[in-house]
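Here are some short exercises to work through with the model open beside you. Try each task before you read its solution.

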Amino acid sequence: MTFKLMPLPYDTAALEPAISRRTLEFHHGKHHAAYVAKLNELIEGTDMARLSLPEIIQRTAADDKSKAVFNNAGQIWNHDFFWQCMRPDGGGAPPGGELSRKIESDFGSVEKFREAFIKAAVGQFGSGWAWLAKQNGKLKIMATPNAVPPMTSGAKALLTCDVWEHAYYLDYQNRREAFVEAFLDKLVNWEFVAQQWEEAAGTDAGSAQSRPKQRRHG
Ligand code: MN3
């Protein structure tokens, strides 16, 4: 199939001041768009052209000869998911409910979850992603390098923050931690995260995780 660039679920200025319009214009309109164009070019005329994005990711994850396909497919999936994880006037503590209770029971408190997420995001050396994921019935914090999504290790993604420099350098320069704090405190779309949690109820289903549904904010 030919993949299309998923539109942002909000205006490019909607996340200011935590993320500037200029950053979103480049990040979505140039970086994310380039992954889509490149993947389409790489799979055209091959048997991968009829697969879904998660199928391409799973098929190429352990295959060094398909590294370019994996990297571009992974980055499309990761960015589609990342945009949905944010909204204007988001962030802070998750609203009450099952996910909130699970965060408290698995991490000790929301504050401890926040500390662990920041530590993973800041500790990811070089380019990559920080995640809240579900695996074997438990919540876990993960950091993955480059284009790797949690589904390749059988975990289901619930929340992610892009920690490639292109995600924050125009707004925060080298201060990755300040960016991750702004992400957690001002941007997280907890409704979306809770929806991922509900979809994961009773299963880890990481390998079957499909493209997140669109919802528009702002
Ligand atoms: Mn990015």
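A salt bridge here is a side-chain nitrogen of Lys or Arg within 4 Å of a carboxyl oxygen of Asp or Glu. This is a predicted model, so local features need pLDDT of at least 70, side-chain atom pairs count only at pLDDT 80 or more, and totals for chains, interfaces and linings use all residues. Residues are numbered from 1 along each chain as its sequence is written, and side-chain values use heavy atoms, with hydrogens and water left out.

**Exercise 1. Work out which parts the salt bridge of Glu-199 and Lys-156 ties together.**

Step 1: check the contact. The two side chains, Glu-199 and Lys-156, meet at 3.7 Å, N to O.

Step 2: place the partners. Glu-199 sits in helix α8 and Lys-156 in strand β3, so the bridge joins parts 43 residues apart in sequence. Helices (H or I, at least four residues) and strands (E, at least two) are DSSP runs, numbered from the N terminus.

Step 3: look at accessibility. Buried means under 20% relative accessible area, exposed over 50%, and partly exposed in between (1.4 Å probe, protein chains only). Glu-199 comes out partly exposed at 43%, while Lys-156 is buried at 5%.

**Exercise 2. Place two other salt bridges, Arg-87 with Glu-191 and Lys-38 with Glu-41.**

Step 1: take Arg-87 and Glu-191, whose side chains meet at 3.5 Å, N to O. Arg-87 is in the loop between α3 (67–84) and α4 and Glu-191 is in helix α8, so this pair ties together parts 104 residues apart in sequence. Both are partly exposed: Arg-87 has a relative accessible area of 23%, and Glu-191 has 42%.

Step 2: now Lys-38 and Glu-41, at 3.2 Å, N to O. Both belong to helix α1 (residues 21–43), three residues apart, or about one turn of the helix. An α-helix has 3.6 residues a turn, so residues three or four places apart point the same way. Lys-38 is partly exposed at 34%, and Glu-41 is exposed at 51%.

Step 3: put the pairs in context. The structure holds nine salt bridges, and Asp-11, Arg-21 and Glu-25 are linked in a network of them.

**Exercise 3. Does α5 have the length you'd expect of a helix, or not, and where do its buried residues point?**

Step 1: get the expected span, which is 1.5 Å times one less than the number of residues. For the 14 residues of α5 (residues 110–123) that gives 20 Å, and the end C-alpha atoms are 20 Å apart, so the two agree.

Step 2: list the buried residues: Phe-113, Phe-117, Ile-118, Ala-120 and Ala-121. Looking down the axis, they fall within an arc of 165° (taken from the directions from the helix axis to the C-beta atoms), so they line one face of α5. On the other side, Lys-119 and Gly-123 are exposed.

Step 3: find the cover, counting heavy atoms within 4.5 Å as contact. The elements over the buried residues of α5 include α4 (98–107), β1 (128–135) and α7 (176–187).

**Exercise 4. Which residues coordinate the manganese ion?**

Step 1: collect the donors, meaning N, O and S atoms within 2.8 Å of the metal (3.2 Å for Na, K and Ca); water is not among the atoms, so sites may look incomplete. They are His-27 (NE2), His-79 (NE2), Asp-162 (OD) and His-166 (NE2), at 1.9 to 2.1 Å.

Step 2: write the spacing in sequence, H-x51-H-x82-D-x3-H. His-79 lies in helix α3 and His-166 in the loop between β3 and α6 (169–172), so this pair ties together parts 87 residues apart.

Step 3: check burial. His-79 is buried at 0%, and His-166 also counts as buried, at 17%.
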